[in-house]
Structures are given as structure tokens and as C-alpha cells.
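Reader: I have a model on screen and want to learn how to read its strands and its empty spaces. Where do we start?

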Amino acid sequence: MRPNVSRAPTASAPATLSVLVLVLVLVPVLVASTAAVVDADDAPAWRGTDAARQVDAEPDIQVSPVTLRFSNDTYGSTGSTTRTLVVRNVGNATLTVRSLVVVGPDRASFVPAFDGPVTLDPGARREVTVSFEAPGSGPRFATMHVLSDDPDEPQTNVWLTNTRTVADVSPSRVLETRTLVNATVEDVEANVTQSINLSWPLTRDDVVAVDALSFRLERDADVALSVATNESRFADVPAFAPADGTEPAAFVRVAHDVANEDVANVTFTVRVRKDRLAGNETGPEDVAFYRHEAGTWTELPTRFVEEGDTHYFFEADAPGLSDFATGVKRAKFRITDAVVTVTRIRTDEGTDVLVRVRNVGGADGTYAVRLLLADDVVDRRELSIAPNGTRQATFERSFAEPGTYAVYVNDRFVANVTVDSETTEPTGTTAAGATGGEAGGASPAAGAPGGGATVPGFGPATALLALLAAGLLAAARRR
């Protein structure tokens with residue numbers, strides 16, 4: 001038998017309608033009350049279209065045309081000709097055009113009539129006239145940077161030329177340690193040197209950046225280039241380790257779609273940040289560009305051009321396009337010889353320590369030679385040495401107390417010096433030393449005996465002088 005189940009009565013239609021009316025009345029009231037307590041300064045942007053426009057307002061530059069081609073009369077002298085470009089602000093905030101800068105080897109041939117900076121309201125435009133004046137004949141190339149406060153495009157490039165060639169350059173990737181700039185050059189004429197500007201605002205703080213690249217093709221062609229700059233070595237390139245201790249500052253890879261045998265007269269304009277050269281007496285004269293080919297790194301002719309506030313500027317010539325490195329030469333020192341002229345003396349006598357140092361590095365430098373008795377520094381000399389140069393330091397030393405003293409130069413053991421009292425009859429003299437090895441390298445064990453009657457490493461003449469000095473000291477004692 002089924003249990004009795006009580007059921008709730010079914011609501012009538014009039015009751016349902018009353019509830020619905022109550023909801024429709026209360027919801028707008030609650031929404032209005034909530035909105036009333038929101039401070040006007042905290043109101044979200046979606047509350048009004050005017051606020052949204054204010055938040056999103058930005059200037060937006062548009063420059064046309066991006067190529068100004070001047071008449072050439074087959075590259076003859078044509079006097080002065082002009083072309084006009086238009087700068088527009090297609091954004092919804094005021095645009096400031098800061099400057100127009102012409103760069104490249106032929107920059108003196110192109111002069112913009114611009115007295116900026118200028119501001120352009122949304123929708124406004126400004127015409128700029130560029131004059132071309134080229135004394136003599138020949139093709140001319142330059143790039144004009146239109147620099148503004150457009151947040152997305154702070155630099156717009158305009159190609160200037162009196163040839164049919166057109167170049168387009170744009171960065172495709174700018175990371176913390178790597179920059180990639182692509183360039184396409186159409187209608188390149190054979191045997192005409194092209195100069196392509198590759199600099200961009202986002203690369204201005206790079207340790208090393210390629211500002212421009214010039215080259216000549218042996219045939220007419222279109223060229224696509226990809227110039228990558230990286231502080232680290234590219235994975236498929238062998239280590240950069242020249243014998244003179246030159247250190248890499250950055251690596252450059254130029255990918256190209258023309259055969260290398262069709263490319264000639266390559267010139268790089270390279271910028272190196274000054275703080276990369278700080279320390280170790282390194283200057284712009286110690287920077288060189290290197291090319292990797294057939295498994296080896298070859299130093300290229302490199303010229304220091306000028307100095308800016310933050311960077312040094314260089315030009316380097318290359319026979320073709322491939323992988324490159326910017327190297328900073330360093331001084332690298334080696335103690336080639338170190339000897340004690342007399343290793344057994346009395347307290348009223350003295351001896352000399354002769355040290356010879358060679359700079360096997362690629363830059364000038366100063367090396368500190370320290371004379372130590374056991375662990376105590378008792379004298380020092382500073383030697384300024386040119387690349388592949390050698391300097392000698394001489395230390396004169398006497399000892400107040402009898403005993404055996406271990407003589408070191410820097411951390412290199414040279415010899416033991418035995419010192420007798422003034423009343424002791426001399427038993428003989430010797431000359432001993434340590435030769436060879438890198439400056440600051442490993443040394444023999446402390447207390448190793450001095451040896452022999454020769455002066456290693458200083459050659460027969462120096463050895464003879466040392467022995468002569470020892471003989472004179474012995475004769476003096478006998479008197």
C-alpha cells in the first residue's frame with residue numbers, strides 16, 4: 001500500500017504574474033543603487049565610449065612615398081632637383097615628428113627642407129621637400145630616417161636614390177641579445193656599389209650593431225638579405241679563439257640569396273658600445289672585425305671612424321658575405337725568463353733578480369711584476385708592453401738575516417737564496433732561475449733548490465755576465 005505523500009499546491013497564474021512584476025521593479029532599483037556608490041574616478045573604461053577613446057588614443061605616422069627617386073641623366077650631373085614626401089598623422093592623438101636624418105655614404109647629396117620638430121594634430125599632414133645635389137657623375141644612395149613619437153613605428157625609412165634600385169629594410173626580431181633585420185633590394189645594377197642602412201631605434205643600445213652594409217654585384221639581380229646580430233656564437237659556427245687572446249663582443253650572420261662569387265667590395269659599418277671596451281687599457285684601436293670561412297676566422301681590415309656618446313663606430317672590408325665576429329683585442333702576458341744572478345751570499349752582500357715578460361696578446365697593456373719572498377711581496381715593477389713586445393725588470397735584493405729564502409716572481413718559483421753571516425767564509429756562488437710559461441701560471445713547489453752555474457732563458461751573453469758578477473763577488477770576499 002502506497003504511503004500518503006503531501007504535495008505543495010500549484011501556484012495560480014495571477015500569483016506568478018505578481019512575482020514577475022515585483023522582480024522587474026526591484027532589479028533596476030538595485031542596479032541604480034549600486035551604480036550610485038561607484039566613485040567617478042574608479043569608473044571602468046567600458047562605462048562610456050569617450051573614456052575608451054581617451055585611453056586608446058595614440059599617434060600613428062604615415063609617410064608616402066617611401067622611395068624618392070631623382071632624375072639621373074645616366075648618372076651625370078643634373079644640378080639641383082627636388083622631390084616631395086608627405087607625413088600624415090592618421091592616429092587619434094597629437095604626433096610629434098622629431099627629426100629627419102639622412103644616413104649613408106652619399107648623405108651629403110640629399111638635403112631635406114625640415115626645421116623640426118613639428119607637431120601634427122590627428123588628420124593633419126606636412127609636406128617635406130628633399131633636394132638632390134650631386135657634383136660629378138655616379139649613382140647615389142641614402143636612407144632618410146623619419147623619427148617621431150609614434151609608439152609602434154618610431155622610425156620610418158625613406159629610400160633616396162638617383163638609380164632604378166629600390167631598397168626596403170625592416171626589423172623582424174629585436175630581443176635582449178639578438179637582432180634580426182631583413183632587407184630586400186630590387187633592380188640592383190651590376191658593378192654599382194649599393195649602400196643599405198640597417199640601423200633602427202630598437203638596436204641603439206645593442207653591444208654591437210650593424211648600421212650599414214655596402215656591396216657590389218657582378219650581375220643585375222634582386223637581392224634579399226637577412227642580417228642577424230647575436231652576443232652568443234651561432235650554434236653551427238666554430239669557436240672564436242684567436243691565439244692572441246682576442247675576445248668576441250658579438251657575432252653577425254648575413255644570409256643572402258645570391259652566390260658569394262657574385263658579391264664584391266663588401267663594407268660593414270659597425271657600432272660597438274663603449275662599456276664593452278672598458279678596463280684592461282682597451283680602446284677603439286683594439287677592435288677588429290673577423291670573417292669565418294672554410295673553418296677559420298680571418299681578421300679583416302678595420303678602421304675606427306668616429307666616437308659617439310655611447311658607441312664607437314668602425315668600418316670593415318670583407319671579400320664576401322658569411323659569418324662574422326666583432327673581436328676586442330686584449331693584452332696577454334707571459335713570463336719567459338726569471339733568474340737570480342747569485343744564489344749564495346752573505347748578509348753584507350746583495351743579488352739581482354732578472355725577469356723578462358712578453359706580451360703575446362693583440363693589444364697594448366701593463367703587467368705588474370711582483371717579487372716575493374715566500375708569501376710576502378717585497379717589491380714590484382709595472383711594465384707597459386706593446387703587442388709581441390718584451391720588457392725586462394731587475395730587482396736588487398739584500399738580506400739582513402742569515403737563512404734560506406724562497407724567491408718567487410708573481411706565483412712562479414725562481415730559486416732559493418742562501419744567506420750566510422758576514423763572518424762566514426763563502427763556499428761558492430750560483431745563478432738559478434725559472435723560464436717559460438704563461439704569466440701567472442703554475443709554479444714549481446716552494447723551496448725547490450736553485451741550480452747550476454748558468455742563467456736559463458737569458459742566452460749566453462746574460463749567463464756570462466751573471467757568472468762574471470758571481471766571480472767578482474767571490475774575489476771581493478777573499479780580499
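Author: We start with a cut-off. A residue counts as buried when its relative accessible area is under 20%. Keep in mind that this model is predicted.

Reader: Is Asn197 buried or exposed?

Author: Asn197 has 8% relative accessibility, so it counts as buried. It sits in strand β12.

Reader: Which partners does the side chain of Asn197 reach?

Author: Take the side-chain partner, Ser199. The side chains of Asn197 and Ser199 make a polar contact of 3.0 Å. Then there is a backbone partner. The Asn197 side chain reaches the backbone oxygen of Asp211 at 3.5 Å.

Reader: Now the sheets. What holds strands together in general?

Author: Strands of a sheet pair through backbone hydrogen bonds, either parallel or antiparallel.

Author: Here is a case. An open sheet is built from 5 strands, ordered β12-β13-β16-β20-β19, with antiparallel pairing. Its edge strands are β12 (193-197) and β19 (302-307), and each of them pairs on one side only. From one strand to the next, the twist averages 20 degrees.

Reader: How many bridges join β19 to β20?

Author: There are 5 bridges between β19 and β20 (residues 311-318), and the two run antiparallel. To find the register, pick a facing pair. Phe304 is opposite Phe314 in β20.

Reader: Which strands form hairpins?

Author: Two cases are worth a look. In one, β10 and β11 form a hairpin with 3 residues between them. These strands run antiparallel and are joined by 8 bridges. Val166 has Glu186 in β11 as its bridge partner.

Author: In the other, β25 and β26 form a hairpin with 2 residues between them. Ala374 lies in that turn and has a positive phi of about 60 degrees. Strand β25 covers residues 365-373, strand β26 covers residues 376-385, and 9 bridges pair them in the antiparallel sense. Val369 has Arg381 as its bridge partner in β26.

Reader: Which strand pairs with β25 over 3 bridges?

Author: That is β28 (residues 403-409), again in the antiparallel sense. Leu373 stands opposite Val407 in β28.

Reader: And how many bridges pair β11 with β14?

Author: β11 and β14 pair over 9 bridges, in the antiparallel sense. One facing pair is Ala183 and Leu225, the latter in β14.

Reader: On to empty space. How is it found in general?

Author: Rolling a probe the size of a water molecule over the atoms shows where empty space is left. A cavity is space where the probe fits but cannot get out, whereas a pocket is open.

Reader: How many cavities of 30 Å³ or more does the structure hold?

Author: It holds 3. The largest cavity has about 80 Å³ of space. Its lining has 10 residues, and those nearest the centre are Thr179, Val181, Leu198, Val210 and Thr229.

Reader: Which strands supply the lining of the largest cavity?

Author: β11 (178-188), β13 (208-217) and β14 (221-230) supply at least two residues each. β13 gives the most, with 3 residues. By class, this lining has 6 nonpolar, 3 polar and 1 charged residues.

Reader: What is the volume of the largest pocket?

Author: The largest pocket has a volume of about 710 Å³. It is lined by 27 residues, and Val103, Asp211, Thr269, Glu306 and Phe313 are the closest to its centre. Asp211 has come up before, as the residue whose backbone oxygen the Asn197 side chain reaches.

Reader: Which elements give two or more residues to the lining of the largest pocket?

Author: They are β4 (95-103), β8 (141-148), β12, β13, β16 (263-273), β19 and β20. β16 gives the most, with 4 residues. The lining divides into 8 nonpolar, 12 polar and 7 charged residues.

Reader: How much space lies in the second largest pocket?

Author: About 340 Å³. Of its 20 lining residues, Gln155, Asn157, Val169, Ser170 and Trp200 are the closest to the centre. β9 (155-161) and β10 (166-174) each supply at least two lining residues. β10 gives the most, with 6.

Reader: How does the lining of the second largest pocket divide by class?

Author: Into 11 nonpolar, 6 polar and 3 charged residues.

Methods. Residues numbered from 1 in each chain as written. Predicted model: local features only at pLDDT ≥ 70, side-chain atom pairs only at ≥ 80, totals over all residues. Heavy atoms only, no water. 1 Å grid on protein atoms, 1.4 Å probe; cavity = no way out; pocket = protein on both sides within 12 Å on 5 of 7 lines; lining within 4 Å. Points joined across faces, edges and corners; volume = space filled by probe spheres on them. Nonpolar A, V, L, I, M, F, W, Y, C, P; charged D, E, K, R; others polar. Pairing = 2+ DSSP bridges. Axes fitted to C-alpha atoms, helices over the stretch in contact; angles between N-to-C directions. Buried < 20%, exposed > 50% of the residue type's maximum accessible area, 1.4 Å probe, protein only. Polar contact = N/O pair within 3.5 Å; in protein donor to acceptor, adjacent residues only side chain to side chain.
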